[in-house]
Structures are given as C-alpha cells and as structure tokens.
Amino acid sequence: MSDTPDILTPYARSLGIEIADESGDAPTLLLPFSKIAEGRPGVLHGGATSGLLETAGYAALRVALDRLERDHRLKPINVTVQFLSAAKKQPTYALGRVTRAGRRNANIVVEAWQDDRDRPVATAVMNVLMTTPD
Amino acid sequence: MKEVEPTVTIPRNQGSSRAATSGFDPAAAAPLLLSQNHGGWLGLRYRDHGEDWAELELPWRADLIGEASRDVLASGPIVSLMDMASGMSVWVKMGEFRAIATLDLRVDYVRPSREGANVIGRAECYRLTNSAAFVRGIAHDGDANDPVAHIAGCFMAIMGQRL
C-alpha cells in the first residue's frame with residue numbers, strides 16, 4: 001500500500017489524469033490531451049478541464065487531511081469554474097490549494113495551466129463537505 | 001472583424017416539427033455534435049429541446065464513477081453534460097450554430113445521483129445579449145422535481161462575433 005491517499009477516482013483514471021508531481025504541498029495533476037478530452041477540434045473540452053480541476057481540488061484536500069491524520073468521506077457541495085482561455089492541444093496541469101478546512105467543510109481554489117504556469121487556462125473554487133466515514 | 005466559421009457544419013432544420021423558427025436544430029445536430037470527442041466518449045444523448053432549452057442524457061457507466069466503493073457518477077461528467085446542454089440551449093435560442101466559449105459555470109450538487117442511474121441535464125438560455133448568453137439548468141436522475149444538481153453559466157461569442 002502506498003502512503004499517499006488514493007486521489008485518482010475511476011473517472012479520473014478513465015479520462016487519463018495522472019499525478020505529475022507530489023513534491024509540493026498538494027499534488028500537481030496532469031491531463032494529457034487526447035481525443036476523449038477534446039471538445040471543439042484542437043481545444044480541450046470545458047468538461048474535461050472541470051474534471052481535472054475538481055480532481056486536483058479533491059487531491060489537495062485529501063493530502064491536507066491525511067497530513068492531519070483525519071479521515072473523511074468527501075462530498076461535493078459546489079464548484080465554480082472560470083474558463084480563462086481555450087486550452088490547446090497540449091498537456092494541462094492543475095494544482096489545488098486548501099484555503100480553509102474547517103470541521104465539516106472545506107474551501108479549495110484550483111488553477112489549471114498549460115505551458116506557462118503564470119497564465120492559467122482555468123480556475124475553480126470548490127466547497128466540499130467532509131463527513132465521517134461510514 | 002473577420003467572421004469565424006463554425007468548425008463543423010450542422011444540418012439546418014430538415015423536417016423537424018420542433019423549434020421550426022430556429023435555424024439550429026439540436027435533434028439534427030446531435031448525432032454529429034455528440035458522437036465524437038469528449039461528448040462521444042461520455043456517450044451523451046439528445047433527448048429533447050424547445051425554443052430556449054435543450055435536454056441531454058448521460059448514461060451511467062462503471063468507469064465514470066467518483067468513488068470506487070459506490071456506483072455513483074463522478075461530478076466531472078455531470079459538468080460536461082451541463083456544459084454541452086448549455087451550449088445547445090444557447091444555439092437554439094440564437095437560431096444559429098456559432099463558435100461560443102464558456103466563460104464560467106457554477107454547479108451546485110444538491111444530492112448524489114442514485115447508484116447506477118443515468119443523469120439527465122436540461123439547460124435553459126434565459127437571456128441573450130449582443131455579447132453574452134446566460135444559462136441556468138438542472139440535472140436529475142429521473143424526476144425533474146428532485147434534481148441532483150443546479151447550474152448557472154455564462155457564455156460569450158468567440159473572436160468578436162456577436163451573439
């Protein structure tokens with residue numbers, strides 16, 4: 001068993017999301033460009049971008065909770081995605097930051113970028129409910 | 001400003017009784033728009049549409065679940081479903097298929113969908129201006145009065161085109 005919590009859901013693996021870097025506070029995820037993630041020809045589908053952002057958001061929270069030795073079942077409350085520019089035929093990265101983790105809910109911000117880390121292609125804000133495991 | 005052609009050619013109304021006033025017919029466009037790329041991978045299907053709304057269905061599939069222990073669709077595919085239904089509602093309201101971009105999309109997950117259930121997404125373009133289109137909608141798993149999610153989004157025309 002790996003020490004890191006399981007941060008890739010069956011959906012995330014199916015879409016092709018990978019862990020690119022685990023050295024930071026939260027894991028940086030990677031979505032390679034592929035036919036199944038493509039929307040308009042040559043452009044990443046907004047749904048695939050959102051899926052990557054949400055997965056990176058949960059990953060950031062999982063790792064933060066793991067560090068605190070807290071075990072929760074996570075339930076989505078909401079997500080708001082801002083699409084800043086069309087994501088092109090390139091790998092897309094995403095990294096989340098837990099802005100607040102209370103006892104019952106967490107607020108997370110996530111950024112996705114391609115070749116330039118300082119020019120995000122999309123950002124997301126997520127609210128997540130943390131319940132005790134069944 | 002140079003007009004940008006849509007990237008695919010969408011059939012115009014051809015004998016459809018629905019939305020006869022609109023130059024964009026989701027029923028006719030769906031096979032082309034939904035059969036390929038991300039929408040094709042998710043298996044999105046056309047269900048219905050009106051003058052300013054469109055309804056699509058996302059079939060349940062084992063490899064799209066959000067937790068290994070529960071047969072519930074992940075939230076990602078639901079965003080994809082609602083993004084696509086939203087775009088279609090904008091095109092049907094515009095009466096034209098033009099390149100549009102999602103500016104933002106908010107999804108409130110009011111309850112988990114039932115295990116093994118398909119999810120139906122219905123989006124309505126409630127306001128169209130020269131530069132923006134405003135959309136709201138719901139996702140449900142059988143009963144439209146008991147949604148699994150509510151959405152609100154904003155779309156814009158690409159490359160200086162007017163909506």
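1. Starting with the rings: searching the whole structure turns up five aromatic pairs over all chains. One of them is Tyr126(B) with Phe134(B), a tilted pair with 6.4 Å from centre to centre and 40° between the planes. Bear in mind that this is a predicted model, and that every number here is computed from it. Why "tilted"? Planes under 30 degrees apart would count as stacked and over 60 as edge-to-face, so the rest, this pair included, get the tilted label. Neither ring is tucked away by the usual cut-offs: Tyr126(B) has 37% relative accessibility and counts as partly exposed, and Phe134(B), with a relative accessible area of 29%, is partly exposed too.

2. Tyr126(B) has another partner worth a look. The charged end of Arg136(B) sits over the ring of Tyr126(B), 4.3 Å from the ring centre. So if you click on Tyr126(B), you should find Phe134(B) paired with the ring and Arg136(B) over it. There is a second arrangement of this kind in chain B: Arg61(B) lies over the face of Trp41(B), 5.4 Å from the centre of the ring. Elsewhere in chain B, Phe24(B), Trp91(B) and Phe97(B) come together as one aromatic cluster.

3. Now the interface. Chain B puts 29 residues in contact with 28 residues of chain A. About 2,500 Å² is buried between the two chains, with carbon and sulfur atoms giving 55% of that area. Which three residues supply more of the area that chain B buries against chain A than any other three? They are Asn37(B), His38(B) and Trp41(B), and together they supply 25% of it. Trp41(B) is also the residue with Arg61(B) over its ring face, so that corner deserves a moment on screen.

4. How many salt bridges are there between chain B and chain A? The count is zero. Polar contacts do turn up, though: 14 residue pairs between the chains, both residues at pLDDT 80 or more. On the chain B side, α2 (37-42), β3 (65-67), α3 (75-94) and β5 (100-109) each supply at least two of the residues that touch chain A. The largest share comes from β5(B), with nine residues.

5. A few words on chain A itself. Chain A has two helices and six strands, and along the sequence they follow the pattern α-β-β-α-β-β-β-β. Of the 134 residues in chain A, 49% are buried. Taking the contacts in chain A between residues at least 6 apart in sequence, 59% join residues that are at least 24 apart.

6. Back to charges. Over all chains, the search finds 13 salt bridges. In chain A, one of them brings together the side chains of Glu38(A) and Lys35(A), at 3.4 Å from N to O. The two ends sit in opposite settings: Glu38(A) is buried at 5% relative accessible area, while Lys35(A), at 54%, counts as exposed.

7. In chain B, Glu55(B) and Arg122(B) make a salt bridge whose closest N and O atoms are 3.6 Å apart. Glu55(B) is in strand β2 (residues 53-58) and Arg122(B) in strand β6 (residues 119-128), so the pair ties together parts of chain B that are 67 residues apart in sequence. Is Glu55(B) buried or exposed? Glu55(B) is buried, with 8% relative accessible area, whereas Arg122(B) is partly exposed at 35%.

8. Another bridge in chain B pairs Arg111(B) with Asp146(B), with 3.3 Å between the closest N and O atoms. This one also links distant parts of the chain: Arg111(B) is in the loop between β5 and β6, Asp146(B) is in the loop between β7 (132-140) and β8 (149-157), and they are 35 residues apart. Both ends are partly exposed, Arg111(B) with a relative accessible area of 23% and Asp146(B) with 36%. As for the Glu55(B) bridge, it belongs to something wider: salt bridges with shared partners join Arg45(B), Arg47(B), Glu55(B), Glu57(B) and Arg122(B) into one network.

9. Last one: Arg98(B). This residue sits in the loop between α3 and β5 of chain B, yet counts as buried, with a relative accessible area of 18%. The cut-off for buried is under 20%, so Arg98(B) falls on the buried side of it. The side chain of Arg98(B) is joined to that of Glu96(B) by a polar contact of 3.3 Å.

Notes:
Residues are numbered from 1 along each chain as its sequence is written. Chains are lettered from A and ligands numbered from 1 in the order in which they are written. This is a predicted model: local features need pLDDT of at least 70, side-chain atom pairs count only at pLDDT 80 or more; totals for chains, interfaces and linings use all residues. Side-chain values use heavy atoms; hydrogens and water are left out. Rings of Phe, Tyr and Trp (its six-membered ring) pair if their centres lie within 6.5 Å; planes under 30 degrees apart count as stacked, over 60 as edge-to-face and the rest as tilted. Buried means under 20% relative accessible area, exposed over 50%, partly exposed in between (1.4 Å probe, protein chains only). A charge sits over a ring if NZ of Lys or CZ of Arg is within 6 Å of the ring centre and within 35 degrees of the ring normal. Contact means heavy atoms within 4.5 Å. Buried area is the accessible area (1.4 Å probe) that two parts lose on being put together, summed over both. A salt bridge is a side-chain nitrogen of Lys or Arg within 4 Å of a carboxyl oxygen of Asp or Glu. A polar contact is a pair of N or O atoms within 3.5 Å; within protein, one must be able to donate a hydrogen and the other to accept it, and residues adjacent in sequence count only if both atoms are side-chain atoms. Helices (H or I, at least four residues) and strands (E, at least two) are DSSP runs, numbered from the N terminus.
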